[in-house]
Amino acid sequence: MGIEWVVIILSSAYLGLLFVIAGWAEKNANKQWLSNPYIYALSLAVYCTAWTFYGSVGRAANQGLDFLTTYMGPILMAPLFWLVLRKIIRICKAQRITSIADFISARYGKSLFLGAFATIICILAIIPYISIQLKAISSSFRIFSADVAGSKGLFFNDSAFYLMVILAVFTIFFGSRKIDASQKNTGLITVVAFESLFKLFAFVVLGFYVTYGLFNGFSDIFIKSSELPYFERLITIDPVDGYGDWFWLNILSFLAIILLPRQFHVAVKENNDENHLKKAIWLFPLYLFLINVFVLPIALGGNLLFPGNSVDADTYVLVMPLAQGNTFLALLVFLGGFSAATSMIIVSTSALSIMISNNLMIPGILRSEFLSKKLNPQLNKVVLRGRQLMIVVMLMLAYLYYKYIGQPFPLVSIGLISFVGVAQFAPSAIGGMFWKGGNYKGAIASLTVGFLVWMFTLVLPTIVNAKLIDATILNEGLLGLSWLKPQAFLGVDFSNNVSQGFMWSILCNGLAYVGVSALTSQSIKETNQAEVFVDIFKYSTVYESAIVWKGQAFITDIKNLLSMFLGKRRTDLAFERFSDRNAIEQGTIEADFRVVNFAEKLLSGAVGSASARVLMSSVVKEEEIKLEEVFNILQETQRYITDNKELKKKSVELENAGVKLRQANKELTKLDELKDEFISTVTHEMRTPITSIRALSEIINDNEDLKTEERAKFLDTIVEETKRMERLINQVLDLEKMESGKLEIPFSTIHLNDVANESVRKVKQLISEKGIALSTNLHGKLPLVKGNRDRLVQVILNLMSNAIKFCDNSNGEITITTSTRNGSVELSVSDNGPGVPKDSQKLIFEAFYQAKNQTLKKPEGSGLGLTICKKIIDKHEGSIWIENGAESGAVVAFSLPKLKL
Amino acid sequence: MKKVLIVDDEPNILMSLEFLMKKNGYKVFIARDGSEALGTVQDELPDVVILDIMMPEVDGYEVCEFIKKKVDANIKVVFLTAKGKESDFEKGYEVGADFYMTKPFSTKKLVDKVNELAN
Amino acid sequence: MSKKVVTYLTVIFVAFALALHYPFIAIANKPILVYGFPAFLIYLTCVWVLLIVVGFLVVRKGTSDDTHGY
């Protein structure tokens with residue numbers, strides 16, 4: 001069997017494995033551990049394509065370190081993930097945006113035109129990029145098969161064709177199963193994460209093999225290759241125009257890591273949890289570091305082993321192990337490159353398919369009366385099938401490009417030209433997220449100018465190179481004007497065409513965006529979106545109800561519209577849930593702004609925000625609104641919702657406390673034999689919290705204009721006081737049970753030191769949090785006692801909590817001591833607080849203390865706790881007392897009779 | 001601006017009373033126990049004193065007596081206390097209180113009463 | 001993560017963006033080997049690793065603030 005068959009079988013097996021992983025992940029999609037920050041960070045590494053795998057080494061071998069510019073931008077963006085990416089994620093979640101084209105369209109008033117324009121730029125930029133992945137796979141395949149004819153043959157002889165078919169099937173299966181594109185595709189993401197891990201593994205293994213197997217470590221390679229011609233050029237960047245190229249290419253990749261459709265897809269659309277970004281901030285640069293560590297050594301090693309350009313440097317990673325007869329490693333590397341290419345293709349095509357269906361296909365159908373009538377009954381199927389069809393079409397186009405146009409270019413140049421294409425979104429997308437002034441006309445100008453300059457300076461030369469048009473335009477400039485030469489635009493000639501093209505396109509683009517936005521004005525719909533985008537963190541929680549809308553609509557119309565796309569069952573379910581959540585009564589006929597807004601959002605997930613807007617306006621009669629109204633409504637609802645949320649949270653707490661109170665109250669009333677005095681003590685103790693609760697509730701009730709912080713503070717206090725009452729009631733009940741003898745206290749033989757230790761364990765956390773020094777001084781030969789362990793722990797805990805309350809604020813010290821005296825066992829808790837006045841030392845244990853017409857208050861906080869302690873100790877036939885310490889502080893101690901043998 | 005002194009040892013009650021009085025346009029002073037109250041009364045000569053009875057060290061009766069006899073009999077005193085027995089009421093008026101109110105109290109009633117006494 | 005941590009992250013970005021560009025890179029951009037490694041490569045590697053470590057530490061601080069703070 002020839003090696004090419006092994007390769008074919010292996011790659012099929014690998015693809016099979018992807019199917020298995022994806023299927024398994026879909027099945028377990030609801031499991032928590034499948035949505036974790038590591039999978040998220042790894043999925044971002046879809047950034048590293050076959051271009052990284054083969055192209056980086058090739059570029060490093062020929063041009064040296066400037067291959068790193070592709071990674072410098074992303075690692076610089078990583079610290080900004082929390083600032084930039086999180087904002088994008090939040091916006092997209094709030095508005096159910098699923099692609100970069102949707103994002104731009106939504107920001108500028110949900111414009112159909114902008115969405116379509118951005119989609120077309122993406123298609124033009126990404127199709128060649130996909131095609132180089134196909135090219136990378138098929139040329140790596142040819143290294144094994146020695147099939148020189150390769151792509152020149154008929155398609156059924158071409159491995160790339162079959163690969164394309166399988167990937168189409170895979171992407172359809174796992175990238176576009178759900179009509180609502182804002183739902184997560186766990187299978188797809190798990191596969192991408194797996195592939196990221198796999199390609200890293202393969203590349204690092206090869207790196208070790210080359211560095212330590214073929215050579216003696218890094219420095220060996222560097223020292224040996226210092227003999228090579230051009231070595232100095234490879235380990236530095238050219239001080240003349242190298243710095244400029246370095247700078248512009250870094251900015252380029254800095255933008256690409258966010259704006260590339262596939263990056264947007266994994267980083268934003270498939271993000272489950274903003275907190276995953278935190279790990280990605282360092283994990284993603286780490287990944288890029290690991291995958292780049294061996295690039296230069298491999299490249300230089302290749303140059304040493306195959307001097308004089310005898311082997312294409314793009315294929316070093318395969319040829320090196322093969323030349324040494326290490327077929328196994330070569331196969332591993334092949335699969336690594338294969339995984340890099342496939343993950344890119346899968347994610348890019350599913351991202352593109354959603355973009356096309358949302359921004360080109362559906363608006364097209366809606367616009368054509370004939371089509372929309374004809375397709376009306378099963379629009380949801382049309383959307384889904386359309387998306388799947390688009391996947392096939394995209395892959396077909398990529399394949400055709402690869403086969404008929406893209407052959408003469410190295411991997412890197414096409415990749416970078418793609419980057420420049422999507423970088424044109426930067427001013428309108430990123431600018432629009434931080435600058436409210438950016439408007440629709442500015443965005444149109446920005447994309448148009450950027451697109452034209454990109455086409456002219458970068459795309460046109462590739463077309464000329466492919467011999468599709470005559471080269472005169474390159475040499476003489478457009479219309480023979482020498483300052484309009486594509487590669488020396490305005491007479492500036494960089495050594496690197498890409499950085500030059502990027503510089504001109506992004507400068508003109510940015511200028512157009514800012515200039516036109518500043519000179520023209522926004523429509524109201526746009527202002528609303530600009531407000532929401534820029535201040536998303538103010539609105540995201542309230543978005544559902546914060547949108548501005550005035551008009552008339554009927555729920556049945558809206559429902560009918562939705563069920564065309566989502567199916568009747570899902571629509572009904574969604575409406576039911578929404579009505580529940582927003583307290584909308586069953587049988588409501590007219591839709592209010594919340595319903596309209598909710599429906600539009602649901603639709604956006606399926607057909608994109610621009611199409612959703614158009615669809616909604618077909619069932620809703622809208623009125624134009626004034627600008628001030630917009631702001632008023634936004635501010636009103638925002639305040640209303642935050643306040644309400646706060647209140648809701650508190651009232652749940654209050655309710656819980658209330659339930660407990662009622663229960664306790666019931667038991668209280670049952671105790672009919674309670675003494676008068678007891679009642680009056682208890683009612684008295686309760687008056688204080690009730691007073692606060694009543695006063696504060698009345699204040700909240702009477703003062704609607706309370707500041708939010710004030711309101712929150714009052715509510716907190718109410719909850720706190722309610723808890724205080726709850727404690728009090730529990731204590732009273734406890735006490736009563738003990739008094740009336742209802743409480744059984746079973747005794748056993750216990751060691752007081754154990755009880756002390758257990759109590760210490762329970763408060764240790766609290767004590768160390770408060771910075772109090774706790775020491776124990778336990779008697780070594782303490783006699784046993786009879787007692788109830790739990791109740792004694794309760795006593796010690798109570799004594800300790802008083803000690804904690806009263807001990808010195810800054811240098812608190814608490815000591816627990818056990819000792820024996822005259823046939824009894826003693827335990828004391830001492831603190832270094834102010835101590836207790838002599839005349840209160842006895843009274844402090846009295847429950848009826850305050851009822852005896854005393855007007856002086858006993859020390860705060862002792863509550864009924866000490867009274868309960870006294871009861872418990874009484875049951876043990878022991879005694880409890882309080883005294884002041886030798887120097888300062890209070891000592892509370894109890895003694896229990898020694899166990900008689 | 002009329003001045004009100006609030007004397008109570010419960011921080012949460014103090015908080016609500018302070019809010020109420022400020023809201024109704026009074027200049028508010030606060031004392032957390034009886035002895036502090038004695039000092040503030042002399043320094044600030046408030047128009048109305050809202051006074052708790054049960055406090056550590058010096059109780060409310062003593063404070064009231066001191067105000068009426070030693071400082072200024074025109075200073076109005078409102079007892080605001082948890083002690084709700086007939087005998088407590090009597091004792092309160094005995095030491096010269098202008099009004100006696102039990103906790104928990106109605107904020108509206110209290111504000112009305114203070115307004116009435118202050119003017 | 002608190003505002004402060006976000007500010008740290010932004011400062012990190014600025015600092016490293018400077019460190020990775022002219023004129024700072026010109027210091028190391030020399031065609032020489034130091035202990036058998038290209039000087040420029042050593043420089044870039046150090047900056048890169050530092051970026052990872054600093055990112056890790058700041059995020060960890062931000063995360064622990066979140067769990068213990070308010």
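Me: Where is Lys770(A) found in chain A?

Reply: Helices (H or I, at least four residues) and strands (E, at least two) are DSSP runs, numbered from the N terminus. In this predicted model, Lys770(A) is found in the loop between helix 35 (752–769) and strand 6 (773–777) of chain A. Residues are numbered from 1 along each chain as its sequence is written, and chains are lettered from A in the order in which they are written. Local features need pLDDT of at least 70 and side-chain atom pairs pLDDT 80 or more, whereas totals for chains, interfaces and linings use all residues; side-chain values use heavy atoms, without hydrogens and water.

Me: Why does Lys770(A) count as exposed?

Reply: Buried means under 20% relative accessible area, exposed over 50%, and partly exposed in between (1.4 Å probe, protein chains only). Lys770(A) counts as exposed because its relative accessibility is 51%.

Me: Which residues gather with Lys770(A) in a patch of positive charge?

Reply: Patches are made of residues with over 30% relative accessible area and no salt bridge (a side-chain nitrogen of Lys or Arg within 4 Å of a carboxyl oxygen of Asp or Glu). Like charges are joined within 9 Å, nonpolar side chains (Val, Leu, Ile, Met, Phe, Trp, Tyr) within 5 Å. On the surface, Lys723(A), Arg727(A) and Lys805(A) gather with Lys770(A).

Me: What is the area of the nonpolar surface patch that includes Leu389(A)?

Reply: The patch covers about 660 Å², and Val392(A), Met396(A) and Tyr404(A) are among its other members. Leu389(A) itself lies in helix 19 (residues 379–404) of chain A.

Me: What pattern does chain C follow along the sequence?

Reply: Chain C reads α-α-β-β-α, with three helices and two strands. Of its 70 residues, 40% count as buried.

Key. Areas by Shrake-Rupley, 256 points an atom, 1.4 Å probe, with all protein chains shown as cover. Lys, Arg positive; Asp, Glu negative; His and termini not counted. Charge placed at Lys NZ, Arg CZ, Asp CG, Glu CD.
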